[in-house]
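Colleague: Could you take a close look at the salt bridges in this one for me? I'd like to know who pairs with whom, and how the surroundings look.

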Amino acid sequence: MSSADISTPDSTASHPPAPKRSVVMLVLVLGTFTAVGPLSTDMYLPAFPQIAQDLGTQQTQVQLTLTAAMVGLALGQLLIGPLSDAVGRRKPMLIGSVCFTLATIACIFVTNVETFIALRFAQGLAGAAGAVVARAIVRDHFEGDNVARFFSRLVLVSMLAPMLGPILGGQLLHIGPWQLGFVVLTGVSLLGMTLAYFLLPESLPEHKRQPVSGVALRANLRHLLSDLRFIGPMLTLSLAFGAMFTYISTFSFVAQSQLDASAQQYSVMFGSIAVGMLLGTQINGFLVGRVHVTIRLAIGMTLAALAVTTLGVIALSNVTSLMAITVPLLTMMIGAGMIFPNCTSLALGSQSPRIAGTGSALLGTIQFAIGGVVPTAATWTATGKASLLSMTVVMACALTAAVLAYVLTSRLAARRPIPVPAMAVADS
């Protein structure tokens with residue numbers, strides 16, 4: 001096996017088009033499986049105030065349950081991604097699904113916030129399998145713009161979770177306590193695991209796998225971290241995700257405490273705003289093949305920046321109308337729906353499918369690490385509680401950093417040659 005096979009794009013690889021039926025099945029299976037992660041995040045958001053009261057804790061502690069899940073997702077991907085390059089995609093995905101289900105069941109019976117935080121970390125760690133392996137499977141099957149096109153289709157299915165999750169969570173609060181949401185999540189996890197077991201074949205044949213090796217892993221990570229074609233889109237995606245996740249993790253408290261919305265009003269509003277992500281990905285899918293990927297990314301970043309600027313004006317004007325706030329947040333999500341698939345396509349498309357698991361792992365690790373840390377800045381206020389203004393300031397800073405990261409790395413990449421594969425020495 002040559003070094004070029006390991007660490008550089010397969011520029012001459014030929015991938016015959018897959019039958020439409022196979023593509024549809026892949027979208028449905030991966031979409032259902034990957035939807036479990038967003039559902040575990042979004043479905044319990046309306047219950048944050050109730051969870052804080054039930055467990056006798058503060059807003060910041062409940063928010064840490066979300067941060068813990070993000071940190072778990074980050075670390076889990078770094079472990080599972082390279083493992084999937086060595087043993088294939090199916091085993092890590094199925095084992096992770098089993099562990100996620102067990103952690104979800106345990107969440108139903110928690111009696112204190114410390115245990116809840118630990119279990120949410122375990123959920124994230126296990127749930128990382130679905131996120132990182134799904135991206136690697138896509139890279140196994142598709143090249144170039146087809147990667148972005150498939151991700152747009154995949155989000156069409158998986159985005160049903162963040163759209164319906166908060167609405168379902170809000171309605172479940174009418175029926176029973178917040179733990180009921182984790183009962184439903186257990187059922188969804190079992191469904192995804194069953195679909196993956198029976199309908200998802202192995203996508204990485206044995207002759208393309210890499211043995212688990214510290215030397216190989218370090219070499220591949222060194223290669224990825226030295227390649228600005230990977231670093232630029234990765235940082236852009238991660239910072240944009242940090243901006244979006246600031247909204248996701250803080251708006252439940254902002255809407256219900258500052259804007260006097262009920263849990264049900266918040267859940268409907270959140271679900272409506274999530275439609276923006278769906279619109280953004282489908283607009284992006286339509287533009288694939290018609291507009292260059294960098295232009296599509298620029299459109300998404302511009303929409304998100306303008307939306308957050310408008311939200312800042314609203315916050316400074318002390319406007320408390322839910323409708324006025326919904327419009328810019330919806331626009332921001334449209335922008336995010338164009339940013340994410342294009343950054344993923346640019347980052348993973350620049351690398352060989354042989355290290356798709358490692359590349360996907362590093363991409364997901366940085367994404368969720370930043371996504372888990374950035375939102376905590378929204379609570380750095382005099383009261384220790386997030387407000388509409390503090391939420392908007394953090395989002396604006398993260399998006400500004402995302403734009404700068406992409407512009408600077410793109411300019412530097414244009415001046416530098418493509419880095420020599422790090423595994424060249426090891427192979428020779």
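Modeller: A quick definition before we start: a salt bridge here is a side-chain nitrogen of Lys or Arg within 4 Å of a carboxyl oxygen of Asp or Glu. Keep in mind that this is a predicted model. By that rule, D227 pairs with R229, with the closest N and O atoms 2.6 Å apart. D227 is buried, at a relative accessible area of 1%, whereas R229 is partly exposed at 25%.

A search of the whole structure turns up four salt bridges, and some of them join up: D85, R89 and D140 form a network. R89 meets D85 at 3.0 Å, N to O, and it also bridges to D140, where the closest N and O atoms are 2.8 Å apart. That second pair ties together distant parts of the chain, since D140 sits in helix 6 and R89 in the loop between helix 4 (59-87) and helix 5, 51 residues apart. Both D85 and R89 are buried; R89 has a relative accessible area of just 1%. D140 counts as buried too, at 11%.

Now for the helices around that loop. Helix 5 (residues 90-107) and helix 6 (residues 113-141) pack at about 155°, with their axes 8 Å apart, so they run roughly antiparallel to each other. Their crossing is left-handed. Among the residues making the contact are M93, G96 and F100 of helix 5 and L119, A126 and V133 of helix 6. By class, that contact has 15 nonpolar, five polar and no charged residues.

Conventions. Residues numbered from 1 in each chain as written. Predicted model: local features only at pLDDT ≥ 70, side-chain atom pairs only at ≥ 80, totals over all residues. Heavy atoms only, no water. Axes fitted to C-alpha atoms, helices over the stretch in contact; angles between N-to-C directions. Helix = DSSP H or I, 4+ residues; strand = E, 2+ residues; numbered from the N terminus. Parallel < 35°, antiparallel > 145°, perpendicular 65-115°, else oblique. Left-handed = near helix turned anticlockwise from the far one by under 90°. Contact = heavy atoms within 4.5 Å. Nonpolar A, V, L, I, M, F, W, Y, C, P; charged D, E, K, R; others polar. Buried < 20%, exposed > 50% of the residue type's maximum accessible area, 1.4 Å probe, protein only.
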